Amino acid sequence: MSFRSRLLTGFLMLALVPLAAFGLGLSRETTQRLAGEFDRQARISTEAIQAELRRESAEVDLRLAALAVRVAADDRLRRAILGGGGGFDRSYLLDFASIVMEPAGLSMLQLQDSSGRILSSGHFRNEFDRLVPELANGLGSLPEGAALTTVRTADSSFLAFVRMKSVQIGEQSVQLVGGVQIGDRFLASLEHDDAISVSLEWPGDDPEVAAGIGLGAAPESASDSSSEPDRVVAGIRFPFLSPTGVDPSPARFVVRQSLAELTALQRSLRVWFAIGFGGALIGALILAAWVSSRLSRPLEALSNKTSRLDLDRLDIDFRSDRSDEIGDLSRLLQALTGRLRTSASRLRDAERQVTRGEMARQVNHDIKNGLVPIRNVVEHLTEVTQDEPDQLGPVFAERGKTLISGISYLEDLASNYSKLVPRVRPERIDVNGLAREIAADGAARGCDLKVDPDVPALTGDPVALRRILENLVANAREAVSGSGGGVRVSTAPLSHDGVPVIRISVEDDGPGLSSEEQDRVFEDFFSTREGGTGLGLSIVRRLVTDMGGRIRVESEPGHGARFIVELPAEPSSEHPADPSPRAAV
């Protein structure tokens, strides 16, 4: 006879069925009397939560209003937004949101122009220049002006309570979109009653996002079968903005009420009832003690073994020779640990494989770019050896510098990758000289060079600048490959509001880019050619940004493409660099 059968037979023998019926009747009567009180408490708590959400919305609105006043009064920001500022004002614009976000008490903040293009992002700096009009349009269309939305950061994503304020700067309308993070702490602040718990549901529930912010999991009372029951008393609907606009299925703050008090009262009544009818239960208690002694020891042993089980220790032995349910459970746990061992091993192998693959693609991409000038020099020397052997010496003397420069570039790459993070070595860089080297490497493929002798020196990392030019020229060559088109590299000095800037242009006669491709061309893993890694231009954008510059593309389908890099030149004595952001910031 199984354990379940013995337990059922024993309690039926001692007339526990009538006693249970009496207890259920008493519990039902108690529940009915307390139901009205519980409903009243639920209504009060729901109204308090709604008031708290309105207060939070008003608080975010006040913070954005204060920021709007600050933005309107910031002349340096005005110059950067209206296009009159130099490279340093541009850098100030990019950093503005991240500088003011946390002091303003916000978890996310971004500035967008009237077209929806992000001018500055505090929670994720690389969001700048991305076109996302849906967020501002969605907030503008909501009667209350507040919504929930998912926010992307450099490492992960989180859910945020957001609002928007508009600021008029000259003829440009700038939207300030900001908000606070929604997480366990925020939800806990809504729970003014110990018996009330609040969770959040939203459309397109992403398990990774939910796990990252502590949401999406079932409440503790619902996930643990041994805990007290609860009930959903209200679902407070709230607008949700998805990447395409206002989602037709809004988010929902789910308000649950614990029935622990009612359960405790029922338990107490059962206890007193048991005392009053103790004599009738003596036999049942004896039987329960015997069952407990038979059950507790094997369960305690299983519990101790299970408590030591984790992914780093899967060698626990659960084997048992019992023939009842406890034995079946032991054998099931034994089989489960075996499967976990296999799965854990596969997971570790997969993680290592992915990491190696990502690093291999990066190294492969940079090494290919570094080998191009070396290959061009070798091919040139081979042609000279075959056609004009007497010119080998002068040609080698001329091209040998390029060969040595390419080898030094690869050595620097190897040293940088050995440290995983490329080192920065600020040096004076001859931009025209570096452009001549790269153009000379591509002369056999139609790469023309036009440099301005007035281009000033540049202070920065020469390896980074070389990687920028190598990637752009390599992409241009790929674009004209097989079509007979040319590649042109040019340099020119500029001045933005008195601040010297160096412009480097790489133009090709390839097939060009569509508007959609221009919007995505700098994204990671986006490529317009088959077999491309999609890393070159994203690397270029990161390197240009790190050097305090900016990059853009001009193109029309069928008319080639032109990539323009603008970097702040070394400041002269007439235009000293602004040593640091203003003290007010």
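How many bridges join strand 6 to strand 10? I looked this up before anything else. I found 6 bridges between strand 6 and strand 10 (residues 251-258), and the two strands run antiparallel. As one example, I noted that Ile196 has Gln257 in strand 10 as its bridge partner. I keep in mind throughout that this is a predicted model.

**Entry: the sheet**

I then looked at the sheet these strands belong to. It is an open sheet of 3 strands in the order 6-10-7, with antiparallel pairing. Strand 6 (196-201) and strand 7 (230-238) each have a single partner strand and stand at the edges, so one side of each has no neighbour in the sheet. From one strand to the next, I read an average twist of 25°. For background, I wrote down that strands of a sheet pair through backbone hydrogen bonds, either parallel or antiparallel.

**Entry: the cores**

Next I looked for nonpolar cores. The largest has 44 residues, and Leu148, Phe161, Leu200 and Phe253 have the most contacts inside it. Helix 2 (residues 16-73) supplies the largest share of this core, 7 residues. A second core, separate from that one, has 38 residues, including Leu458, Phe522, Leu535 and Leu567. My background note here is that in soluble globular proteins, nonpolar side chains tend to be buried together.

I also listed what Phe161 touches, leaving aside its neighbours within four places in sequence. Among its contacts are Leu53, Glu56, Ser57 and Val60. Others on the list include Ala146, Ala147, Leu148, Ile182 and Phe238.

**Entry: Phe128**

Is Phe128 buried or exposed? Its relative accessibility is 8%, and I count it as buried because the cut-off for buried is under 20%. Phe128 lies in the loop between strand 2 (118-121) and helix 5 (133-141). Ile118 is 10 residues away along the chain, and the C-alpha atoms of the two residues are 4.9 Å apart. Beyond four places in sequence, Phe128 is in contact with Arg90, Leu94, Ile118, Leu119, Arg541 and Thr545.

**Entry: confidence**

Last, I checked the pLDDT. The protein chain has a mean of 77, and 76% of its residues reach 70 or more. Over residues 216-226 the value is below 50, and this stretch has 8 contacts in the model beyond near neighbours in sequence. Residues 571-585 also stay under 50, with 14 contacts beyond four places in sequence. Where pLDDT is low, the predicted coordinates should not be read in detail.

How values were computed: Residues are numbered from 1 along each chain as its sequence is written. This is a predicted model: local features need pLDDT of at least 70, side-chain atom pairs count only at pLDDT 80 or more; totals for chains, interfaces and linings use all residues. Side-chain values use heavy atoms; hydrogens and water are left out. A nonpolar core is a set of buried Ala, Val, Leu, Ile, Met, Phe, Trp, Tyr and Cys residues joined through side-chain atoms within 4.5 Å. Buried means under 20% relative accessible area, exposed over 50%, partly exposed in between (1.4 Å probe, protein chains only). Helices (H or I, at least four residues) and strands (E, at least two) are DSSP runs, numbered from the N terminus. Contact means heavy atoms within 4.5 Å. Two strands pair if DSSP finds at least two bridges between them. Axes are lines fitted to C-alpha atoms, for helices over the stretch in contact, and angles run from 0 to 180 degrees between N-to-C directions. pLDDT is the predictor's confidence in each residue, from 0 to 100.
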